[in-house]
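Student: I'd like a close look at just one part of this fold, and then how the rest sits around it. Take your time and give me the connected version.

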Amino acid sequence: MVVIKLLNKVVHVATAPLRMLGGGKKQEADLIDGKAIAATIRQEIKLEVDEMKAKTGKVPGLAVVIVGERKDSQTYVRMKRKACAEVGIASFDKDMPADATEEEVLKAVADFNANPDVHGILVQLPLPKGIDEQKVLAAISVEKDVDGFHPLNIGRLCMKGREPLFMSCTPKGCIELLKRSGVTMKGANAVVVGRSNIVGMPAAMMLLKQNATVTIVHSATKNPEEIVRRADIIIAAAGSAKMIKKEWVKKGVAVIDVGTNSVDDPTKKAGYRLVGDVDFDEVKPIASKITPVPGGVGPMTICMLLRNCCDGGKRAILGA
């Protein structure tokens with residue numbers, strides 16, 4: 001019996017995370033690897049698409065409308081097309097010149113709305129001046145709104161007992177990172193730093209859906225440091241480089257850093273490097289889990305777009 005107990009202790013020590021050094025102090029937080037989690041989800045989506053194709057001969061389709069020749073937009077759209085191909089989702093493209101009229105853009109959206117092979121529509125933003133972005137986004141069918149920006153989807157997200165057809169990709173990715181990293185949201189004090197329509201506001205609503213107690217910190221918040229320090233979970237989406245310092249966080253907090261900010265760095269070939277809204281080096285020794293920048297939330301955005309498109313395809317093709 002003594003031998004068995006000793007062996008159990010040896011196994012426990014050998015399999016425990018090697019994070020405790022010098023007087024039992026935690027060395028650093030577990031990294032939430034967005035690249036690895038996104039790769040797993042993409043494989044799950046591919047299996048679902050393959051199964052759908054085997055059963056029905058059909059696959060989900062994603063349509064992308066891009067207006068103008070902004071290099072950053074074109075690069076992002078190419079990434080989306082490549083990602084679709086990797087999981088078997090069909091791509092439909094409408095590349096329009098920068099001088100396209102609002103009516104022409106609305107016509108492109110209407111055509112994709114009417115196309116039964118398209119299950120998700122994405123209009124790449126920003127649109128050129130003279131085109132009403134809200135009008136264009138509102139023209140997308142709620143059943144194909146894979147960006148999750150349609151007022152009906154946002155409204156359902158905000159209502160208890162209602163579920164949106166789609167949720168905004170970046171905050172949805174944040175929630176998925178928390179889930180797959182074993183972070184308990186139910187009953188947790190969660191603080192969202194930032195209130196943008198794209199990330200902050202929907203992230204707060206999604207945390208509420210998970211039964212967290214949610215506070216939003218924004219530019220007019222008094223004593224933001226004090227509020228953030230009470231958080232069990234932080235989603236930082238303010239767009240301010242290294243805003244959240246070690247004094248802002250309590251021990252054991254789980255941190256999702258959405259921020260992507262460039263700071264000068266002469267040691268880099270490009271002359272700059274990317275940092276988050278959280279001071280990673282300061283906060284890492286205090287947090288229990290934290291996302292790096294880059295490599296944390298970023299890979300999840302396109303991944304959640306694929307997830308949304310796949311779900312839209314399943315509803316239309318399988319009636320799921």
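Tutor: Let's settle the naming before anything else: helices (H or I, at least four residues) and strands (E, at least two) are DSSP runs, numbered from the N terminus. Keep in mind that this is a predicted model, where local features need pLDDT of at least 70 and side-chain atom pairs count only at pLDDT 80 or more, while totals for chains, interfaces and linings use all residues. Residues are numbered from 1 along each chain as its sequence is written, and side-chain values use heavy atoms, with hydrogens and water left out.

The part I'd pick is helix α8, residues 200–209. Of its 10 residues, 7 are buried (under 20% relative accessible area; over 50% is exposed and in between is partly exposed, with a 1.4 Å probe and protein chains only), so the rest of the structure largely encloses α8. The buried ones are G200, P202, A203, A204, M205, M206 and L207. Right after the helix, N211 has a positive phi of about 65 degrees.

What's doing the covering? Among the elements over those buried residues are helices α6 (151–158) and α7, plus strands β7, β8 and β9. The three strands bring us to an open sheet of 6 strands with parallel pairing, ordered β3-β13-β10-β9-β7-β8. Two strands pair here if DSSP finds at least two bridges between them. At the edges sit β3 (30–31) and β8 (213–217), each pairing on one side only. Strand β7 (residues 189–193) runs parallel to β8, with 5 bridges between them, and V192 faces I216 of β8 across that pairing. Helix α7 (residues 169–180) packs on this sheet and touches β9 (233–236) and β10 (254–257), contact meaning heavy atoms within 4.5 Å. The direction of α7 makes about 150 degrees with that of β10; axes are lines fitted to C-alpha atoms, for helices over the stretch in contact, and angles run from 0 to 180 degrees between N-to-C directions.

Now for the nonpolar side. A nonpolar core is a set of buried Ala, Val, Leu, Ile, Met, Phe, Trp, Tyr and Cys residues joined through side-chain atoms within 4.5 Å. The largest one has 51 residues, and L207 of our helix is among those with the most contacts inside it, alongside L62, I89, L178, I235, I256 and L306. Helix α11 (residues 298–318) is the biggest contributor to that core, with 8 residues. Another core, of 18 residues, lies apart from it and includes I227, A236, W248 and V249.

I256 makes a good stop on the way out: setting aside neighbours within four places in sequence, I256 contacts I32, C174, L177, L178, I234, I235, A236, T291 and V297. A236 is also touched by V278, which lies in the loop between β12 (272–275) and α10 (280–283). That loop residue is buried at 3% relative accessible area.

Finally, swing over to I41 in helix α2 (residues 34–56), which counts as buried at 2% relative accessibility. Outside its neighbours within four places in sequence, I41 contacts E176, R180, M300, C303 and M304.
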